[in-house]
Amino acid sequence: MKRELLIVPFLALIICLLTVNVLAVDKTVVNWAVGGSIIKMARELAVMYTEEHPDIEIKILEVPASSTERLNLYLQFFEAESDKVDIYTIDLIWPGMLAEHLVDLNQYGGSQVARAHFPAIVENNTVDGRLLAMPWYTDAGLLYYRTDLLGKYGYSKPPENWDQLEEMASRIQEGERGAGKEDFWGYVWQGNVYEGLTCNALEWIASHGGGTIIEDRKITVYNPRAIAAIERAAGWIGKISPPAVTGFIEEPSRHLWQSGHAAFMRNWPYCYRLGNAAESVIKGKFDVVPLPAGEGGQRVAALGGWQLALSSYSNNIAAAADVALFMTSEQAQKYNALQASYNPTIKALYQDQELISANPFYAKLYDVFINAVARPSTVTAPNYNQVSNLFYHAVHAVLTGDEESRQALGYLQFDLQQVTGLEIVTEQ
Ligand code: GLC
């Protein structure tokens, strides 16, 4: 009897130790670098994933929202061959530049799932036959406009060309200011000295028929239509766009717009659901259309988007690959699109009725998304970062009045030649 009594606590102790041991089993940690507004989605998707995979812990490393700042940070990690990040969220324009640091996802099941994504993005992410990143969401520059204000000032439809936008923006601005909204502006966009300005300026130039900076392996940026396009944008500042726009990245422009202080905004699709959120003052009072055309040009959207790539310095490549494949899966992309209007890269999702009724512009603007104009990142790889840097600095100097458009683009073509070695095509 005495002996049996001793066995009970002994067994209890053993069970206790075993339980503690099971709970303490080390989880595999996958570190994911992600930033900007989508970080909320990343956190929610990480919870979904780890509920199904209790042996994995996803740690989110918040990185800068600005593409330019983010790249600078990533380059430091890569330079140090750091194993602190397993998954990098990378811009569409980077695969060619970062190729040497990234894992070929074809070896981790990427090739099977890549077929469902837009082929152009998969091709963009494939360097020398290596699939370096899975598409996560795609972006195209869009024009947001206030339906209520257009109606109030007697406009029956949104602008189709830049002249119309300028006219509507100044009239609405004048009227709203007259009615007491002194800090109301006509048009906001992204004019900071960073990658986003390259996207905005590419749209201005291409929509005026001035090309896409570098085409067919030739530097074409110095041409009368490109010069006129940049000049036109510089003319908006202080008139229909706030002087602070030369310091704006995406979020400051959205904040001004979403607080009801602008008639028009150029931005990416993610602003749609945020603008329609319950607490938004512009909820139900806006819509999106393609950006306007210039004289002799067409309506152009710059192509953007983000991908998930694995670091070749990671110690957990297999686990990280599984996480990246889940995050870019149809289930996760549908979640991002429904919750936060991040455009899927999986073609079939554009036929999904639930998604189309949440974001009607997915159906309406489908052609804009698939015809969006790429920046010259593939043709100039691995030097695209320098190319873009020279371009946005030149444009910024015109916006701030430090240089004339003709002069800035004239110098730019030679700087671009020095970096790329490509031929210049000059048109006076
Ligand atoms: C968006 C685009 C990205 C682009 C960036 C510029 O995030 O998706 O491709 O480089 O804006 O600000």
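Student: What makes a residue part of the ligand's surroundings in this predicted model?

Tutor: A residue counts as near if one of its heavy atoms lies within 4 Å of the molecule. The residues surrounding the ligand are Ser67, Asp91, Asp139, Tyr194, Glu195, Gly196, Glu250, Trp268, Gly304, Gly305, Trp306 and Arg375.

Student: What is the make-up of that shell by class?

Tutor: There are five charged, four polar and three nonpolar residues in it. Gly is among those that count as polar.

Student: Why is the pair formed by the ligand and the Asp139 side chain called a polar contact?

Tutor: The cut-off for a pair of N or O atoms is 3.5 Å. A ligand oxygen is 2.5 Å from an N or O atom in the side chain of Asp139, so this pair is within the limit. A ligand oxygen also lies 2.8 Å from a polar backbone atom of Gly305, and one is 2.8 Å from an N or O atom in the Trp306 side chain. As for cover, the protein takes up 94% of the 310 Å² of accessible area that the ligand has on its own.

Student: Which cavity does the ligand's space correspond to?

Tutor: The ligand takes the space of the largest cavity.

Student: Which element gives the largest share of the shell?

Tutor: That is strand 13, with three residues. Strand 13 (303-310) and helix 9 (195-207) each supply at least two.

Student: How do you know that the ligand lies between two domains?

Tutor: Domain 1 (24-132 + 304-370) and domain 2 (144-302 + 376-424) both contribute residues to the shell, so the ligand lies between them.

How values were computed: Residues numbered from 1 in each chain as written. Predicted model: local features only at pLDDT ≥ 70, side-chain atom pairs only at ≥ 80, totals over all residues. Heavy atoms only, no water. Polar contact = N/O pair within 3.5 Å; in protein donor to acceptor, adjacent residues only side chain to side chain. Areas by Shrake-Rupley, 256 points an atom, 1.4 Å probe, with all protein chains shown as cover. 1 Å grid on protein atoms, 1.4 Å probe; cavity = no way out; pocket = protein on both sides within 12 Å on 5 of 7 lines; lining within 4 Å. Sits in = over half its atoms within 2 Å of the grid points. Helix = DSSP H or I, 4+ residues; strand = E, 2+ residues; numbered from the N terminus. Domains from an automatic or database assignment.
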